[in-house]
Amino acid sequence: MKNKAVKIGRNTPCPCGSGKKYKNCCRNKKKEISIKEEYKRRYDIHIKEPHQIEGIRESGVLLMSILDKVEKMIKPGLKTDDINTFVHEETVKAGAVPAPLNYRGFPKSVCVSVNEVICHGIPGDRVLNDGDIVNVDITPILGGYYSDASKTFFVGTPDEKAKKIVSVAAESLKRGIETVTPGATVGDIGYAIQSYAESQSCSVVREFVGHGVGVDFHEQPQVLHFGARGKGVPFVPGMVFTIEPMINLGKKELHVLEDRWTAVTNDGSLSAQFEQTILVTENGWESLTPYEL
């Protein structure tokens, strides 16, 4: 005789012996496992386990404590390398490692991008002047877990152009984050950011994108800050990635300097960026590097 497959009802006791109904026990576990395996196979996306999420969250707490201290030290006359020294020392003192240092040859522990610099500014002798804007992008590795966030700060008293681009960049990130929920897609983020930024007569950088993060510096998926609703990878709980729109006051075109890192606007216009590490939850999202936008 052939063994007949027995179908387990949703409301029957779970075969594992927990005493719970099957729908509230192993049925969900099997679904979670299949989603995790499917996303790894199809998209090379690492759905995070609860203990990994907690590790990323702890890294994020450290990151935000350092970024808050950096904000207080920003003033005219400060060298960008002073920011690097401070971030490096605070990271190491906490038992963490600055992820940017020596990453693909990057020579410093933090990216510091001033005015027309879009991203990947290498700290050095550049002095911050009154009216500048400066983005500080920090990524610590704590206990093997990565978090990633940045903010753009005013140096001294900003003019109207500086106020506008920083405001638009912050609101762009906020609108991108607010689209995140299970079943939404990466394209929803891009659409929200692009449609808002362009409505403010600003432009969205195309060459640099958000990315998965947590157990490595850069993971899948890539998170574009432009695009169409409903396109791209659908979100499921346990996904962790950055959203980090780079918004230019002028045109979107850029070039990279001879140092092979520093990206600047072609037209010399101001560029601003805000970034947070986002977790997809059962009902929406959680920022693992939270700050007010």
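**Exercise 1. Arg 260**

Classify Arg 260 as buried or exposed in this predicted model, then place it in the fold.

*Solution.* Start with the cut-offs. Buried means under 20% relative accessible area, exposed means over 50%, and partly exposed lies in between (1.4 Å probe, protein chains only). Arg 260 has 74% relative accessibility, so it counts as exposed. Next, locate it. Arg 260 sits in the loop between strand S13 (254-256) and strand S14 (263-265). Strands here are DSSP runs (E, at least two residues), helices are DSSP runs (H or I, at least four), and both are numbered from the N terminus. Finally, check the backbone. Arg 260 is not a glycine, yet its phi is positive, at about 70 degrees.

A note on the ground rules. Residues are numbered from 1 along each chain as its sequence is written, and side-chain values use heavy atoms, with hydrogens and water left out. The model is predicted: local features need pLDDT of at least 70, side-chain atom pairs count only at pLDDT 80 or more, and totals for chains, interfaces and linings use all residues.

**Exercise 2. Two asparagines in loops**

Find the loop and the exposure class of Asn 115 and of Asn 129.

*Solution.* Take Asn 115 first. Asn 115 lies in the loop between S2 and S3. Its relative accessible area is 13%, so Asn 115 is buried. Asn 115 also has a positive phi, about 55 degrees, although it is not a glycine.

Now Asn 129. Asn 129 belongs to the loop between strand S3 (117-119) and strand S4 (133-138). With a relative accessible area of 46%, Asn 129 is partly exposed. Then list its contacts, meaning heavy atoms within 4.5 Å. Setting aside neighbours within four places in sequence, Asn 129 touches Pro 76 and Val 155. Last, a distance. Asn 129 and Ser 147 are 18 residues apart along the chain, and their C-alpha atoms are separated by 30 Å.

**Exercise 3. Strand S16 and its partners**

Work out how enclosed strand S16 is and which strands pair with it.

*Solution.* Count burial first. Five of the five residues of S16 (residues 276-280) are buried, so the strand is largely enclosed by the rest of the structure. Then sort the side chains. In a regular strand the side chains alternate between the two faces of the sheet. In S16, Gln 276, Ile 278 and Val 280 point one way, while Thr 277 and Leu 279 point the other way.

Now the partners. Two strands pair if DSSP finds at least two bridges between them. Strand S11 (residues 240-243) pairs with S16 in the antiparallel sense over four bridges. Here Thr 242 has Thr 277 as its bridge partner. Strand S17 (residues 285-287) also pairs with S16, antiparallel, over three bridges. Here Val 280 is partnered by Trp 285. A hairpin of four residues joins S16 to S17.

**Exercise 4. Strand S2**

Which residues of strand S2 point one way, and which strand pairs with S2?

*Solution.* Cys 111 and Ser 113 point one way from S2 (residues 111-114). Val 112 and Val 114 point the other way, and all are buried. S2 pairs with S4 in the antiparallel sense over four bridges. Val 112 stands opposite Val 136 in S4.

**Exercise 5. An open sheet**

Give the strand order of the open sheet that contains S12, and name its edges.

*Solution.* The order is S8-S12-S15, three strands with antiparallel pairing. Strand S8 (203-204) and S15 stand at the edges, each with a single partner strand, so one side of each is left without a neighbour in the sheet. Strand S12 (residues 246-248) is joined to S15 by three bridges. Met 246 has Gln 273 in S15 as its bridge partner.

**Exercise 6. A cis peptide bond**

Which peptide bond is cis with omega near 5 degrees?

*Solution.* The bond from Gln 220 to Pro 221 is cis. Pro 221 is found in strand S10 (residues 219-223).

**Exercise 7. Confidence**

Where is pLDDT lowest and highest among the helices and strands?

*Solution.* pLDDT is the predictor's confidence in each residue, from 0 to 100. The protein averages 93, and 91% of the residues score at least 70. The lowest mean is 78, in helix H1 (residues 26-43). The highest is 99, in strand S15 (residues 271-273). Residues 1-7 stay under 50, and the model gives them zero contacts beyond four places in sequence.
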